[in-house]
Amino acid sequence: ALAHFLQHTMSQRSERRGIHVDQSELLCKKGCGYYGNAAWQGLCSKCWREEYQRARQRQIQEDWALAEKLQREEDAAAYASSHGSQATPRSQTSQTPPSLAPFSKFEEKKTNEKTRKVTTVKKFFSPSSRAAPKKDSHEAKSHSPSFPRQLSVDSERVSREFVEFLKNLQKPGREIHKQSRLFIESMAMKKDLGADELSECVQDFYQNMSDRLMSHFKGSSEKVERVMDQVEKYIMTRLYKSVFCPETTDDEKKDLATQHRIRALHWVTIQMLCVPMDEENPEVADSVVKAITDVIEMDSRRVPRDKLACITSCSKHIFNAIRVTKGEPASADDFLPALIYIVLKANPPRLHSNIQYITRFCTPSRLMAGEDGYYFTNLCCAVAFIEKLDAQSLNLSPEDFERHMCGQVSPRGPGEAAPWPHAGPALSQLRRNLELLSSLETRQQQVMDGAHSLQAELSSWQESVGREVQEILEKYPLEIKPHASAIDADNADSDLLPPPLQPQVFAG
């Protein structure tokens with residue numbers, strides 16, 4: 001319904017390209033003033049629970065009426081059968097045609113089947129089936145192989161923090177811990193229930209615990225909310241593996257469908273959605289990266305409140321990016337298209353399951369009001385818009401939309417040398433890196449060509465120098481003369497020479 005409203009409003013405002021949602025459409029359809037949710041057919045959690053309870057009571061009454069009707073038919077059939085067998089003579093009974101024997105067996109089988117159905121329906125709706133005796137419950141708990149005997153690291157840490165928090169409350173804290181522990185043990189025996197029934201059990205526990213705390217703290221909603229946050233953290237951390245994406249639902253199938261849908265829309269640009277964000281600005285680019293990181297990190301959290309905190313942080317980064325781009329505070333009309341763009345770029349894992357998990361097991365007050373509820377409602381609108389996205393939503397012709405979806409065209413035109421006009425900072429940086437690598441490859445080739453040329457020149461120079469040296473040696477051969485003797489070597493009369501002069505010192 002929200003996605004249909006988005007498309008209808010956008011078609012009416014063709015002069016303003018983009019996505020627009022009236023803030024009143026985010027509120028509960030009952031007019032209570034709280035935020036609605038697409039998973040609850042546009043109702044808030046309070047109104048949805050009231051509608052769910054009324055529908056459940058009607059279903060129970062209809063099933064009881066069906067059970068009573070089947071029981072009356074069974075009693076009438078049994079009465080007619082017993083009186084008919086007494087009035088029939090034995091001789092006639094023995095003369096029953098063989099052809100009627102299979103029909104009698106069919107009637108007997110049909111009667112047994114009706115009896116089994118009546119018994120099953122009665123057991124299902126009887127109070128004794130909902131609350132088993134303590135002895136049987138204890139035996140089932142002690143022999144159940146699926147009951148977790150050893151807590152995970154996160155569960156142990158959260159349990160210690162929960163106990164430390166409750167120490168400040170003294171006696172009420174011990175009662176809160178006892179009730180929470182008993183509730184977790186009881187939920188371990190209800191793993192075969194559907195997701196709606198599990199959600200109803202958790203929400204009933206929240207409501208009962210909140211009423212008790214409100215009575216104890218004498219109407220102090222702030223203290224009650226602080227305690228309920230810790231109760232939710234403790235319970236949902238312990239129950240996370242059994243209630244997140246349960247096998248009784250098709251959440252996993254829808255997760256894959258949403259992931260494939262977002263992957264098929266990878267070509268949607270920021271201009272197509274009219275998002276006022278300049279990703280070339282470093283501060284804006286940093287906020288976009290942080291927003292994508294937050295919405296992806298949502299899947300790693302276990303507590304619904306922590307998942308909501310990731311959505312809130314993501315939304316605040318989006319508002320900051322728009323504010324830096326426009327130089328003024330962002331409006332709600334700017335926020336939703338930007339959130340859609342972030343979801344398309346992030347493609348968060350198990351997006352549908354996380355939204356359903358928050359919807360089913362978060363404390364109702366957080367989804368009904370406040371910034372957490374507002375941002376979560378917008379995220380649900382963004383996902384609904386992505387699921388219903390068509391050519392008109394992006395101001396494209398149906399033919400262009402189909403070509404984009406089939407991968408025949410892309411935002412960058414064929415043979416276009418210029419960069420993508422709508423590319424994000426990551427793609428722009430990738431383009432620059434590719435251009436740099438291309439220039440480096442050209443320069444490397446030039447260096448290699450010069451090196452080969454230099455090597456060839458060195459070889460030629462070496463050969464030419466060798467030839468010149470050889471020619472000089474041939475032209476001017478080397479002549480080796482005899483060794484010259486000393487000056488007085490041939491002087492026979494050297495003994496007749498006067499002695500060498502000696503330095504003398506004269507006294508002045």
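**Salt bridges and surface of an all-helical predicted model**

Arginine 350 and aspartate 299 are joined by a salt bridge in which the closest N and O atoms lie 3.0 Å apart. This pair connects distant parts of the chain, since 51 residues separate arginine 350, in the loop between helix 14 (332–346) and helix 15 (351–361), from aspartate 299, in the loop between helix 12 (282–297) and helix 13 (304–326). The two partners differ in their exposure: aspartate 299 counts as buried because its relative accessibility is 15%, under the 20% limit for that class, whereas arginine 350, at 37% relative accessibility, counts as partly exposed. The structure described here is a predicted model, and the values reported are computed from it.

The protein chain contains 19 helices and zero strands. Of its 508 residues, 33% count as buried, and the accessible surface amounts to about 32300 Å², with 54% of that area belonging to carbon and sulfur atoms. Among the contacts with a separation of 6 or more, 71% are accounted for by residues 24 or more positions apart.

In total, the structure holds 17 salt bridges, and one of these is formed by the side chains of glutamate 297 and arginine 301, with an N to O distance of 2.6 Å. Both side chains belong to residues that are partly exposed, glutamate 297 having a relative accessible area of 29% and arginine 301 a relative accessibility of 32%.

A further salt bridge brings together the side chains of arginine 403 and aspartate 400, at 2.1 Å from N to O. Arginine 403 and aspartate 400 are separated by about one helical turn, because they stand three residues apart in helix 18 (residues 398–406). Here, too, the partners are partly exposed, with a relative accessible area of 31% for arginine 403 and a relative accessibility of 27% for aspartate 400. Beyond these pairs, a network of salt bridges links Asp154, Arg157, Glu161, Lys233 and Arg302.

The surface also carries a nonpolar patch of about 560 Å², which is made by Leu427, Leu430, Leu434, Leu436, Leu437 and Leu440. Of these residues, leucine 427 is placed in helix 19 (residues 425–475). Leucine 427 has a relative accessible area of 39% and is therefore partly exposed, a value that also satisfies the requirement of over 30% relative accessible area for patch residues.

Notes. Residues are numbered from 1 along each chain as its sequence is written. This is a predicted model: local features need pLDDT of at least 70, side-chain atom pairs count only at pLDDT 80 or more; totals for chains, interfaces and linings use all residues. Side-chain values use heavy atoms; hydrogens and water are left out. Helices (H or I, at least four residues) and strands (E, at least two) are DSSP runs, numbered from the N terminus. Buried means under 20% relative accessible area, exposed over 50%, partly exposed in between (1.4 Å probe, protein chains only). Contact means heavy atoms within 4.5 Å. Accessible areas come from the Shrake-Rupley method with a 1.4 Å probe; for residues, only the protein chains shown count as cover. Patches are made of residues with over 30% relative accessible area and no salt bridge: like charges are joined within 9 Å, nonpolar side chains (Val, Leu, Ile, Met, Phe, Trp, Tyr) within 5 Å. A salt bridge is a side-chain nitrogen of Lys or Arg within 4 Å of a carboxyl oxygen of Asp or Glu.
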